[in-house]
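Let's take a walk through this model, starting with empty space and ending with the sheet and its helices.

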Amino acid sequence: MDSNETSGNKDGLVSLAKYSVLPVDRIKYLANTDANVVKDISRGILFLMAFWSAPSVRGFRELTNVIAALDEKTALELVVVDIDGAPSLCGLPEFAGKIHGAGEAAWVRDGSIILTTGIGLRIECFVPNTKMLLE
């Protein structure tokens, strides 16, 4: 990584633990990654974290509440990516022009994005999207 590239928060998991009702071992945190991270998710939620954004922090907190309430069998993966360390995610067709650091997320099955929050923080889609993924 050269000096012009951004880098994610290497201590981000510590911050996430403060905001989450889920145990920290349920969260896979990646400070720096690329768009291929989606391919590694079999059934889960990819949350794009912007630690500098109040809506993103709120969205993460709300999403962990939803997962805790709906995923009793711990069937879902929760993959949290620091958006500052994953600029290539912005180029995915599902996210192109839709990432504003406001708590965007994607629901993934077999390495493919099946649903997203769309633009910005849209907490109202967390429950129905998560229920659909659990079916």
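On a 1 Å grid over the protein atoms alone, a cavity is a set of points where a 1.4 Å probe fits but cannot get out, and lining residues have an atom within 4 Å of a point. Grid points are joined across faces, edges and corners, and a volume is the space filled by probe spheres set on the points. This is a predicted model, where local features need pLDDT of at least 70, side-chain atom pairs count only at pLDDT 80 or more, and totals for chains, interfaces and linings use all residues. Residues are numbered from 1 along each chain as its sequence is written, and side-chain values use heavy atoms, with hydrogens and water left out.

So what's inside? There is one cavity of 30 Å³ or more, and the largest has a volume of about 30 Å³. Around it sit K28, V37, D40, I41, E77 and V79.

Now the sheet: five strands (DSSP E runs of at least two residues, numbered from the N terminus) form an open sheet ordered β1-β3-β2-β4-β5, with mixed pairing. Pairing takes at least two DSSP bridges. At the edges lie β1 (27–30) and β5 (112–116), each pairing on one side only. Antiparallel strands β2 (residues 43–49) and β4 (residues 105–109) are joined by five bridges, and L46 stands opposite A106 in β4.

Two helices (DSSP H or I runs of at least four residues) pack on the sheet, with contact meaning heavy atoms within 4.5 Å. Angles run from 0 to 180 degrees between N-to-C directions of lines fitted to C-alpha atoms, for helices over the stretch in contact.

| Helix | Strands touched | Angle |
|---|---|---|
| α1 (residues 12–19) | β1, β2 and β3 (77–82) | about 145 degrees with β1 |
| α3 (residues 126–134) | β2, β4 and β5 | about 10 degrees with β4 |

Notes. 1 Å grid on protein atoms, 1.4 Å probe; cavity = no way out; pocket = protein on both sides within 12 Å on 5 of 7 lines; lining within 4 Å.
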